[in-house]
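Got your viewer open? Let's take a walk through this one together, stop by stop.

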Amino acid sequence: MSKQLLFFILFVIAVEYYTFVAVRTALRNTNNSVHLWLFILYVILSLATLWSLYAFAHWGRTAWPSLTLKYTVNILIGVFIGQVLIAAIMLLTDVVMIIPNIISFFLSFRIILLEVRLTALV
C-alpha cells in the first residue's frame, strides 16, 4: 500500500469521525425516532460520499456515463468538502482546548513540586 493511499485513508477516517461527532452532538436532544432516521440518513449520505470519491476517480478517466450521474457525483464531492470543513473546525477547537490544558497541567505539576520542596524545608 502506498504512503499516499494510507494518508488518504487516514484523512477520510478522521473526517468521518469528526463529522460523526458533530452530527451526534447536534442530534443529542431529538426524540428517538427522529434521531434514528436522521442518523440512518447521515450513514447513507456518508457511504454515498465515499462512493463518489471512488466514482470520480474511476469515471474521470473515461467518458461520463450520464449527466445525472455527473451531477450526483459532483454534489456528493461537495458534501465531502463540507465534511472536511466541519472536521477542520472541530480539530481546531480540539487543539484550542488541548493547549491550555497541557499548560495548566505542567504548571500545576510545577506548583506541586514547589510545595513539596517548601514542606521539606520546614
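Which helix is the place of Val15? Select Val15 and you'll find yourself in helix α1. With a relative accessible area of 3%, Val15 is buried, because anything under 20% counts that way. Now add Met90 to your selection: Val15 and Met90 are 75 residues apart along the chain, and their C-alpha atoms are separated by 9.7 Å.

**Zoom out for a moment**

Before going further, keep in mind that this is a predicted model. The protein chain has 3 helices and 0 strands, so coloring by secondary structure gives you α-α-α from the N terminus on. Of the 122 residues in the protein chain, buried ones make up 16%.

Try coloring by confidence next. The mean pLDDT of the protein chain is 79, and 82% of its residues reach 70 or more. Confidence is highest in α1, at a mean of 85, and lowest in α3, at 77.

**The nonpolar patch**

Show the surface and select Leu5, Leu6, Phe7, Phe8, Ile9, Leu10, Phe11 and Ile13. Together they form a nonpolar patch there, with about 760 Å² of accessible area. Click on one of its members, Phe8, which lies in helix α1. Is Phe8 buried, partly exposed or exposed? Its relative accessibility is 38%, so Phe8 counts as partly exposed.

**Rings across the chain**

Time to hunt for aromatic rings. The model holds 4 aromatic pairs. Start with Phe11 and Phe80, an edge-to-face pair with 6.4 Å from centre to centre and 75° between the planes. This pair links distant parts of the chain: Phe11 belongs to helix α1 (residues 3-26) and Phe80 to helix α3 (residues 67-121), 69 residues apart. The two partners have different cover, too: Phe11 is partly exposed because its relative accessibility is 32%, while Phe80, at 6%, counts as buried.

Next, select Tyr17 and Tyr18. What kind of pair do the rings of Tyr17 and Tyr18 make? Their centres are 5.5 Å apart and their planes sit at 65°, so this pair is edge-to-face. Tyr18 counts as buried, at 15% relative accessibility.

For the last ring stop, pick Phe20, Phe39 and Tyr42, which ring pairs link into a cluster.

**Over to the second helix**

Go to helix α2 (residues 32-59) and find Ser46. At 6% relative accessibility, Ser46 counts as buried. What does the side chain of Ser46 make a polar contact with? Show the side chain of Glu16 and you'll see the partner, at 3.2 Å.

Stay in helix α2 for Trp51. Trp51 has 35% relative accessibility, so it counts as partly exposed. Now bring up Val73: Trp51 and Val73 are 22 residues apart in sequence, and from C-alpha to C-alpha they are 8.5 Å apart in space.

**Back where we started**

To finish, return to Val15 in helix α1 and show it along with Phe11, whose ring pairs with that of Phe80. Val15 is buried, whereas Phe11 is partly exposed. Then turn the surface on again and look once more at the nonpolar patch that includes Phe11.

Key
Residues numbered from 1 in each chain as written. Predicted model: local features only at pLDDT ≥ 70, side-chain atom pairs only at ≥ 80, totals over all residues. Heavy atoms only, no water. Phe/Tyr/Trp six-rings, centres within 6.5 Å; stacked < 30°, edge-to-face > 60°. Helix = DSSP H or I, 4+ residues; strand = E, 2+ residues; numbered from the N terminus. Buried < 20%, exposed > 50% of the residue type's maximum accessible area, 1.4 Å probe, protein only. Patch = residues over 30% accessible without salt bridge, like charges linked within 9 Å, V, L, I, M, F, W, Y side chains within 5 Å. Areas by Shrake-Rupley, 256 points an atom, 1.4 Å probe, with all protein chains shown as cover. Salt bridge = Lys/Arg side-chain N within 4 Å of Asp/Glu carboxyl O. pLDDT = per-residue confidence, 0-100. Polar contact = N/O pair within 3.5 Å; in protein donor to acceptor, adjacent residues only side chain to side chain.
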